[in-house]
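Colleague: I should like to take a close look at a single part of this model. Please keep to what the coordinates support.

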Amino acid sequence: MQYRIEGGSFPVVICELEKGETVVTQRGGMSWRTAGIKMDTNTTGGVLKGLKRTLAGNSMFLNHYTAMIEDQEIAFGLSFPGEIMVYDVSGGKDLIAQKNAFIACTSGVDIDIHFNKRLGAGLFAGEGFILERFSGNGLVFIEIDGASKEYNLAAGEKLVIDQGNLAAMEPTVSFDIEMVKGLKNIAFGGEGLLLGNLIGPGKVWLQTLPISGMTRMIGTGTGK
């Protein structure tokens, strides 16, 4: 399968399918397609697997689009202005991403939830508690809110973030939650009560305009 990304700050990924090739998306995920593509909707892995996906913000049923003839196209867009990240999970290179990140994937990719087992993240939940995990073989397309910034953390290297700025990470990166220290910092710093800790080794992808931050900005009239 070939693909191209068009559209600047409001991008779509256009997948070019040959006969027999399939791409998968969640309910309502398609933007447009040519006429020679067949749609099949199912739970993809069974009802339990479908229910688990809903915890990560996806639909229980997935749509499988298969080209019935040569030279077909299908496009998938974003729910929020940003970027489309393409990642190949083949060879055991799993990817963990934020809730609601999934756009589409090739048919060999497995979509599951990832529970953050670290005590802090588990107790305080938030964006970092239930994530999405992609494995198997093939390409996955995920949504980045705003622009993206990639870091390659060394073993033990730590990056402190607002939880909503985490877009994706490799499974080797650990993610935990810590409380902001100091009463004045909590009361007047505007960073909230909790921050996220990303600890290497591995790659992480951050996003500059998370939906959670946009919601705060609209609610308070500020960026925080």
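Which residue in S7 is the bridge partner of Val-12? Please describe the surroundings as well.

Modeller: The model is a predicted one. Within S7, Val-12 has Gly-77 as its bridge partner. This bridge belongs to the pairing of strand S2 (residues 12–17) with strand S7 (residues 72–77), which is antiparallel and runs over 6 bridges. The two strands are part of an open sheet of 4 strands, antiparallel in its pairing and ordered S1-S2-S7-S4. Strand S1 (2–6) and strand S4 (30–33) each have a single partner strand, so one side of each has no neighbour in the sheet. On average, and with direction ignored, neighbouring strands of this sheet are turned by 20° against each other.

Gly-77 also helps to line the second largest pocket, together with residues including Thr-25, Arg-27, Ser-79, Asn-100, Phe-102, Ile-103 and Glu-143. Strand S3 (22–26) and S10 are the elements that give two or more residues to this lining. The volume of the pocket is about 180 Å³.

Ile-103, one of the lining residues, is in contact with Ile-142. Other contacts of Ile-142, leaving aside neighbours within four places in sequence, include Glu-83, Met-85, Leu-95, Phe-134 and Ala-168. In the largest nonpolar core, which has 19 residues, Ile-142 is among those that touch the most other members, along with Leu-95, Phe-134 and Val-140. Strands S8 (82–88), S10 (102–106) and S13 (139–145) are among the elements that give two or more residues to this core, and S13 provides the largest share, 3 residues.

Note on methods. Residues are numbered from 1 along each chain as its sequence is written. This is a predicted model: local features need pLDDT of at least 70, side-chain atom pairs count only at pLDDT 80 or more; totals for chains, interfaces and linings use all residues. Side-chain values use heavy atoms; hydrogens and water are left out. A nonpolar core is a set of buried Ala, Val, Leu, Ile, Met, Phe, Trp, Tyr and Cys residues joined through side-chain atoms within 4.5 Å. Buried means under 20% relative accessible area, exposed over 50%, partly exposed in between (1.4 Å probe, protein chains only). Contact means heavy atoms within 4.5 Å. Two strands pair if DSSP finds at least two bridges between them. Axes are lines fitted to C-alpha atoms, for helices over the stretch in contact, and angles run from 0 to 180 degrees between N-to-C directions. On a 1 Å grid over the protein atoms alone, a cavity is a set of points where a 1.4 Å probe fits but cannot get out, and a pocket is an open set with protein on both sides within 12 Å along at least five of seven lines; lining residues have an atom within 4 Å of a point. Grid points are joined across faces, edges and corners, and a volume is the space filled by probe spheres set on the points.
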